[in-house]
Amino acid sequence: MNSELDKRWFAIKTRQDFRAAEALSQQCDEVFFPTDIVRNAAGVRRKRAIIPHVLFIKTTEQHALHLEAEGRRDPASAIPFWIYRYPQSKEIQTISERQITLLRLLTADDATRCEIYRKSEFREGERVRVTAGPFKGYEGSVQRVRKNRHVVVRIEGVCLVLLPFIHPDLLEPI
């Protein structure tokens, strides 16, 4: 019997992200597929993936590898996907609960972009740590995105995320 301690988060890449989210939710302990609602030019609302073709599944390593192999072996009956692996390694990459929590916070409906007001205090590329609030303890670097400076947190090998607004008083250089 697999204990809760054996269950980890894994990032997967698939060409069929919506179908995969539905199918894997029946086979994994949890599936996290960040989406939002957008309107096209005609005003029609539709759901879109925030990180296209990427989902996060929580299960055991053995079960994740089994599901990956099953999808490759029989794409007609299973959704093919690939588990992210560490660079220069065949070992599959685990995503920490802390990083999943960050992604959940950032993809919530009320998330807004992060902008640092007193820009002169933080230089581009400078490493910073959030000292309070829901993002306390997260570390990232100051980057210019669309002419504003943001705190960017890296989820190694998967994506970069911009934190929502964080007042500069809650940031410290590291």
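User: How many bridges pair strand 8 with strand 12 in this model, and in which sense do the two strands run?

Analyst: The model is a predicted one. Strand 12 covers residues 171-173, and strand 8 covers residues 127-130. Within this pairing, Val130 stands opposite Leu171 of strand 12. The two strands pair in the antiparallel sense, and the number of bridges is three.

User: Which residues of strand 8 point to one face and are buried?

Analyst: In a regular strand, side chains alternate between the two faces of the sheet. Strand 8 shows such an alternation, with Arg127 and Arg129 pointing to one face and not being buried. The residues that point to the other face and are buried are Val128 and Val130.

User: Is Arg129 buried, partly exposed or exposed?

Analyst: Arg129 belongs to strand 8. The relative accessible area of Arg129 is 28%. Buried requires a value under 20% and exposed a value over 50%, so with 28% Arg129 is partly exposed.

User: With which side chains does the side chain of Arg129 make polar contacts?

Analyst: Beyond four places in sequence, Arg129 touches Gly137, Tyr138, Glu139, Leu170, Leu171, Glu172 and Ile174. Two acidic names in that group recur in the polar contacts: the side chain of Arg129 meets the side chain of Glu139 at 3.0 Å, and the side chain of Glu172 at 2.7 Å. The partners are therefore Glu139 and Glu172.

User: What distance separates the C-alpha atoms of Arg129 and Val151?

Analyst: Along the chain, Arg129 and Val151 are 22 residues apart. In space, their C-alpha atoms are separated by 9.2 Å.

User: Which strand supplies the largest share of the lining of the second largest pocket?

Analyst: The second largest pocket has a volume of about 180 Å³ and is lined by 13 residues. Helix 3 (97-106), strand 9 (139-145) and strand 10 (148-155) each supply at least two residues of this lining. The largest share is four residues, and it comes from strand 9.

User: How many residues in the lining of the second largest pocket are charged?

Analyst: The residues nearest the centre of this pocket are Glu139, Gly140, Val152, Val153 and Arg154. Among them, Glu139 is also a polar-contact partner of the Arg129 side chain. Over the whole lining, four residues are nonpolar and five are polar, while the number of charged residues is four.

User: Which residue in the turn between strand 3 and strand 4 has a positive phi?

Analyst: Strand 3 (residues 35-39) and strand 4 (residues 45-49) run antiparallel and are joined by five bridges. One bridge pairs Arg39 with Arg45 of strand 4. The strands form a hairpin with five residues between them, and the turn residue with a positive phi, about 90 degrees, is Gly43.

User: Where is His53 found, and is His53 buried or partly exposed?

Analyst: His53 has a positive phi of about 70 degrees, although it is not a glycine. The residue is found in the loop between strand 4 and strand 5 (54-60). Its relative accessibility is 34%, so His53 counts as partly exposed.

User: What is the relative accessible area of Gln88?

Analyst: Gln88 is another residue other than glycine with a positive phi, near 55 degrees. Gln88 lies in the loop between strand 6 (82-83) and strand 7 (94-95). This residue is exposed, because its relative accessible area is 84%.

User: Which backbone nitrogen does the side chain of Thr14 reach?

Analyst: Thr14 lies in the loop between strand 1 (7-13) and helix 1 (17-25), and it is buried with a relative accessible area of 1%. Leaving aside neighbours within four places in sequence, Thr14 contacts Ala20, His53, Leu55, Ile79, Pro80, Phe81 and Trp82. At 3.2 Å, its side chain reaches the backbone nitrogen of Gln16.

User: Which residues is Leu67 in contact with, leaving aside neighbours within four places in sequence?

Analyst: Leu67 is placed in helix 2 (residues 61-73) and counts as buried at 4% relative accessibility. Leu24 is 43 residues away along the chain, with a C-alpha separation of 8.9 Å from Leu67. The contacts of Leu67 are Leu24, Gln27, Cys28 and Phe81.

User: What percentage of the residues in the chain is buried?

Analyst: The chain has three helices and 12 strands. Of its contacts between residues at least 6 apart in sequence, 64% join residues at least 24 apart. Among the 174 residues in the chain, the buried ones make up 39%.

Notes
Residues are numbered from 1 along each chain as its sequence is written. This is a predicted model: local features need pLDDT of at least 70, side-chain atom pairs count only at pLDDT 80 or more; totals for chains, interfaces and linings use all residues. Side-chain values use heavy atoms; hydrogens and water are left out. On a 1 Å grid over the protein atoms alone, a cavity is a set of points where a 1.4 Å probe fits but cannot get out, and a pocket is an open set with protein on both sides within 12 Å along at least five of seven lines; lining residues have an atom within 4 Å of a point. Grid points are joined across faces, edges and corners, and a volume is the space filled by probe spheres set on the points. Ala, Val, Leu, Ile, Met, Phe, Trp, Tyr, Cys and Pro count as nonpolar, Asp, Glu, Lys and Arg as charged, and the others, Gly among them, as polar. Buried means under 20% relative accessible area, exposed over 50%, partly exposed in between (1.4 Å probe, protein chains only). Contact means heavy atoms within 4.5 Å. A polar contact is a pair of N or O atoms within 3.5 Å; within protein, one must be able to donate a hydrogen and the other to accept it, and residues adjacent in sequence count only if both atoms are side-chain atoms. Two strands pair if DSSP finds at least two bridges between them.
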